[in-house]
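Dear colleague,

I am passing on the structure we spoke about, and I would be glad if you kept it open beside this message while you read. My notes on what was found in it follow below.

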Amino acid sequence: MAPPPRSSSMAPPVLIHSAPGLPDTCALLQSPAAAASMSGPAAESPAAIQICRIMRPDDANVAGNVHGGTILKMIEEAGAIISTRHCNSQNGERCVAALARVERTDFLSPMCIGEVAHVSAEITYTSKHSVEVQVNVMSENILTGIKKLTNKATLWYVPLSLKNVDKVLEVPPFVYSRQEQEEEGRKRYEAQKLERMETKWKNGDIVQPVPNPEPNTVSYSQSSLIHLVGPSDCTLHGFVHGGVTMKLMDEVAGIVAARHCKTNIVTASVDAINFHDKIRKGCVITISGRMTFTSNKSMEIEVLVDADPVVDDSQKRYRAASAFFTYVSLSQEGKSLPVPQLVPETEDEKKRFEEGKGRYLQMKAKRQGSQGQEPQP
C-alpha cells in the first residue's frame, strides 16, 4: 500500500500514542526527529504531524457520508496541535495557539463511514505573531487499501499567553527549507491580513426573520441556531475550540441549503473563515445563515456567529466569526442536481447576490486556469 503523498519537507511520521488524550479510535503521529528530541519545553518542534481516526455512524450527514463539519473539526485539531507545539518550542512564556483564520477549503471527494481519515499538518510560514499551517486530509478504505485526497486547507493561528489569553505572544523563528518559501509565505500573510481587516469592517450586518416568506427567497431558507457554550466546547483555558465553531457553522449552512433545495446537500467548499474574537465559556452564541448566491449547480451561504456573554454585564454582544460556505444539491443516487435560483428582493440582497456572483466567477476562472483551460464567461 502506498503512503499518502506529502511534501519533500515532511519526514515519515511515527506513532507516539493512541488512546490517551484522544478519541478512542484516534492515533497521533509526528516526525521521527521530533519524537527523538522530546525532552522538555525547549524540545525541537515537529515538522509535521498526522492524526488518524476511523469514521463512525455518528459522523454521518443525511446523505450517509462524513459530515463536512466533522472534517473541518479534525483539520482544526491537527493545526492547533502542531502550532501550539511550535509556539512552545523555546523557553519562555507558555501559550496556546488560537485559530484566527481558515483559507478557502475545497471538499475534493466525499469520505465514507468506515473509512479512516488521515489528517496531516505541517507549518509552512511564521510571522512575528502568527503561524501558517497546511493541512491535507486523506481517506483510506481499510478493506481495499485505496486512499484518496479529500481536503486541503490552510489555517492561521496566533499564540495566546496562558497567564492572560488576551495577550498575543511572539512566535519562535521557523527554519525554511528554501529561501523562496519564506518570501512566498510573507505574501500570503499580507494578503490574508488585508482580507481579514476588510471582512471585519463589514460585520455590522445581522440576519432578521421575515414573516411568511416566499419560496426561493433569502428569507425563506435563512436559519439560526442558538448554542450555550459549555466546558466540552472549550479548551482547557476557557474559550471555544475553532473546530467546534466551524462544525456549528457548517450545520447551519447545511440547513439553509436543504431548505432552499429540499434535496440531499453536501459541502463543496468553504471560503475563508475569519475568527474576529474569542468565544468564552458561558457565552450564548447565535449562528445565522442566509443564502447569498446561486449558480446552476451550487449555492453560496453566508454564516455569521455572534456571541452574547450573558454572565458578564460589562460586555456587549459581538461578532465572533464569519464565512461563506458553498453547497451542491444531490439526488438519491448521489448525482448533481440543478439548484432552484435565488430570488433577491431587497437592495441589500441584490448587492450580496452580485458580490457572490463575483466570488463564484473568480473561483471558476482560477480553477479553469489551474487546469490549463480558457476561462469561460
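**What was found**

Please keep in mind throughout that this is a predicted model. I begin with the two loop residues, and then turn to the nonpolar cores.

Most residues other than glycine have a negative phi. Against that background, Lys262 deserves a look, since it is not a glycine and yet has a positive phi of about 60 degrees. You will find Lys262 in the loop that runs between α5 (242–261) and β10 (264–270). With a relative accessible area of 59%, Lys262 counts as exposed, because the cut-off for that word is over 50%.

Asn212 is likewise not a glycine, and its phi is positive, at about 50 degrees. Asn212 sits in the loop between α3 (179–201) and α4 (218–221), and it is exposed as well, with a relative accessible area of 74%.

Turning to the interior, the largest nonpolar core is made of 68 residues, and those with the most contacts inside it are Met249, Ile273, Ile279, Met299, Ile301 and Phe325. The helix α5 supplies the largest share of this core, namely 9 residues. Where does this core lie with respect to domain 1 and domain 2? Because domain 1 (46–199) and domain 2 (210–368) both give residues to the core, it lies between them.

There is also a second core, separate from that one, which has 5 residues, among them Ala98, Leu160, Val165 and Phe239.

With best wishes

How values were computed. Residues numbered from 1 in each chain as written. Predicted model: local features only at pLDDT ≥ 70, side-chain atom pairs only at ≥ 80, totals over all residues. Heavy atoms only, no water. Helix = DSSP H or I, 4+ residues; strand = E, 2+ residues; numbered from the N terminus. Buried < 20%, exposed > 50% of the residue type's maximum accessible area, 1.4 Å probe, protein only. Core = buried A, V, L, I, M, F, W, Y, C linked by side-chain atoms within 4.5 Å. Domains from an automatic or database assignment.
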